[in-house]
Amino acid sequence: MSVAVTIESPEEVKPLIALAYQMAYAEKHDLFIFLIRKVRLDETKTDQLDLADYEGKDSVPGRVYERIGREQRRILTHAATPNENFTESPEVSFVPKITCLQISGERFTKVIMKLLSEKKCEQLFLSRRATGNEEHYTDKLFKLAPCSTTIIRPGKADVGRVQKILVPCSGGPHALDALKHCNSLVKSQGTQVHPLMVRPPNNQPEVMEEVGIYQLSKMVKKVGLELDGHYLKGRVVHHKDVLEGIAETAEDGYDFVVLGISTGGSIQKTLFGDMADKLIEKNKDISVAAHRVAKNKAERFKDKFEYYCNLAVPQLTREGRIELHEALLMNSTWNFDFVSLMLLSTSIAALGLISNSVAVVIGAMLVAPLMTPILATGLALVQGNVPMIINASRSILFGFFASLGISFLIGLFTPMEHLTSEILSRGTPRMADLFIAFVSGIAAAHCMTRTHLSAALPGVAIASALVPPIASIGIALSKGIAATVQGATVLFVTNVICIVLGSALTFFAAGIRARPDQNSNKLVKRLYLVLIFSMTLLCIPLSSRLVKYVVKKVSDSSLPNREEFVDMTDSVLKKHRITNVTKVSYKDLKESGLSVWIWVQVGHVPDRAIIDEFEAVLSEKFKRKVVVSIWPEFVMTKHLESIQ
């Protein structure tokens, strides 16, 4: 295990090496120092360097490494000497092994990511200087690094051994992870780490302070820590403004204020916005750090997917995202226009299904408005917009029941001897329908994100076929045919779920994201799991036909083909002068035995004796009862004699 730190200039050495070395010393890890050199090279290079070779040299790497060397010696002395009044000492004496790697080129972010995985880094320290609104390489590392990551805005103080750290807490995982790491400094050198809770003013400050300490105690227990009242001491401050409360508390001699934040767009605001400005305004020597917890495999996969999407898929602009949201929200609301179009499209579809007209059914698909709320649901899932999910889901549900009602009435008052092939085809869904719906959702969402592709939307509406299954359900229900009702219902549910998931995937790839700090994210994740689980369950009825087909093929493959059958029954064929067996087919009747159909060319009608002989020979070969049916293909007798 190891701790890593990136250095780009001599000014970053003081705060970063100080904290990184002490953390490596406290957690008994090795230390890796990545020196970044932004130069144009054909490829990114990584060189392992010896600090002694660079001391005293007049170059940027030389000055950086000379500074690193001085800081190492100074910090090593400080880390080996605990803070004042700290009587405990580490159980095992440990000196971190330091490895310096110079990374030159332009694609060093990818190289650092690879090194973090290879070196099994548990914590990464970064420095971030104010450089305007452009994205800094440390922003990418803060988002993508697999280990827990701390990005620092250094103050003016020459931070050597860290004496006091303030960690504002509200119960989030990032601040608690920061406390867990800071507690290592408590054990190794007696650093004072104070979790802070800012509460609004109250008439009973003493009581509320006790409540706050109790809440802090419960929080730190989640990461296996205990408040001791000194080195790990909880603090409760009453202030109407949270930022002001943190800033005023930070004046009490703290070296670092560590803020737990997510990997969203709040890095810039945290380090260079109101928080840091308030802290530095009151104490110019203090350093501000933003910390996030290590990412699990699912989060790392999501980051990689998002990264490649950003590279491969044109991203929507802010104006484009607003227009898309407004268009889907407006057209997915349950109102008079939506109801009227649903009733009209269902009526057209029902009449087309009854008359067995493909053209009429296709026309109904073009009129139906049901695709819009389904796409709106996919967009709302990606955004984490729960009100929009509820609004779109209500339109889908109400639209389904409205269509079901009108199709049931049409089927009830329309005389039909039997269901048409168009209705029956909707009652027997296949596995292919699932993939068709998923791809249709991707295509529809892609057309919505690209306004110049709107001409393709009618084709997507035809491919998705949302209204005909509902009309089939209503007609079959009016005739009391349960099998078709079940099949058409499975088809409709499959279409809705797969289009939602397909559209959500496309909207995410196009750059639509939810804010990581949204309270609705947990609910949205559960909805995703429910949809994926439902789609998995739907694979069971959809694949039943495929399973039967495969089983039949496997069963048929174990039976003799035409040539093998001819060899098996050669004696019977010669005896009755049957010269050609054109085809053999089998059907396993389970308890009734094996049914065999034989197509033969003969000059006369086969009698029962020939069938009995075939059954006797085949029953002996297959060790089971065999029922034979012969289908003769007659030829002229003279022609048969000429062949013989």
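These are my notebook entries on what I looked up in this structure, which is a predicted model.

**Entry 1, salt bridges**

I began with the charged pairs, and the count for the structure came to 3 salt bridges. I looked first at Lys164, which forms a salt bridge with Asp252, and the closest N and O atoms of that pair are 4.0 Å apart. Lys164 lies in strand S7 (residues 164-168) and Asp252 in the loop between helix H7 (242-250) and strand S10 (256-260), so this pair ties together parts that are 88 residues apart in sequence. I then checked how far each partner is covered: Lys164 counts as buried, at 17% relative accessibility, while Asp252 counts as partly exposed, at 41%.

Asp252 came up again in the next pair, where its side chain meets that of Arg235 in a salt bridge at 3.3 Å, N to O. Here too distant parts of the chain are linked, since Arg235 is in strand S9 (residues 235-238) and Asp252 is in the loop between H7 and S10, 17 residues apart. For Arg235 I noted a relative accessible area of 24%, and because the buried class ends at 20%, Arg235 is entered as partly exposed.

The remaining pair I wrote down is Glu422 with Arg426, a salt bridge whose closest N and O atoms are 2.6 Å apart. Both residues belong to helix H16 (residues 421-426), and because they are 4 residues apart there, about one helical turn separates them. On accessibility, Glu422 counts as buried at 14%, and Arg426 is likewise buried, with a relative accessible area of 12%. Going back over the pairs for shared partners, I found that Lys164, Arg235 and Asp252 are joined into one network by their salt bridges.

**Entry 2, the positive patch**

Which residues gather in a patch of positive charge on the surface? I listed Lys218, Lys222, Lys302, Lys522, Lys525 and Arg526. Helix H21 (residues 521-542) supplies the largest share of this patch, with 3 residues. Arg526 is found in H21, and I recorded Arg526 as exposed, with a relative accessible area of 56%.

**Entry 3, the nonpolar core**

I turned next to the largest nonpolar core, which has 50 residues, and asked which of them touch the most other members. Those are Leu328, Leu370, Ile374 and Phe507. Several helices give two or more residues to this core, among them helix H11 (318-331), helix H12 (336-354), helix H14 (371-383), helix H15 (386-412) and helix H17 (431-449). I also noted helix H19 (467-479), helix H20 (482-509) and H21 as elements that give two or more residues. H20 gives the most to the core, with 12 residues. As background I wrote that, in soluble globular proteins, nonpolar side chains tend to be buried together.

**Entry 4, a nonpolar patch on the surface**

I also looked for nonpolar side chains on the surface, and there Val358, Ile362, Leu366 and Ile462 form a patch with about 290 Å² of accessible area together. Helix H13 (residues 358-367) gives the most to this patch, with 3 residues. Ile462, by contrast, is found in helix H18 (residues 457-464), and I entered Ile462 as partly exposed, with a relative accessible area of 30%.

**Entry 5, backbone angles**

What sign does phi take at Lys120 and at Asn356? At Lys120 phi is positive, about 55°, although the residue is not a glycine. I placed Lys120 in the loop between helix H3 (108-118) and strand S5 (121-127), and Lys120 counts as exposed, at 55% relative accessibility. At Asn356, also a residue other than glycine, phi is positive and near 60°. Asn356 lies in the loop between H12 and H13 and, at 36% relative accessibility, counts as partly exposed. I kept both values because most residues other than glycine have a negative phi.

**Entry 6, Pro195**

Is Pro195 buried or exposed? I found a relative accessible area of 0%, so Pro195 is buried, and its place is in strand S8 (residues 192-199). I also compared Pro195 with Ala178: they are 17 residues apart in sequence, and 9.9 Å separates them in space, C-alpha to C-alpha.

Conventions. Residues numbered from 1 in each chain as written. Predicted model: local features only at pLDDT ≥ 70, side-chain atom pairs only at ≥ 80, totals over all residues. Heavy atoms only, no water. Patch = residues over 30% accessible without salt bridge, like charges linked within 9 Å, V, L, I, M, F, W, Y side chains within 5 Å. Areas by Shrake-Rupley, 256 points an atom, 1.4 Å probe, with all protein chains shown as cover. Lys, Arg positive; Asp, Glu negative; His and termini not counted. Charge placed at Lys NZ, Arg CZ, Asp CG, Glu CD. Buried < 20%, exposed > 50% of the residue type's maximum accessible area, 1.4 Å probe, protein only. Core = buried A, V, L, I, M, F, W, Y, C linked by side-chain atoms within 4.5 Å.
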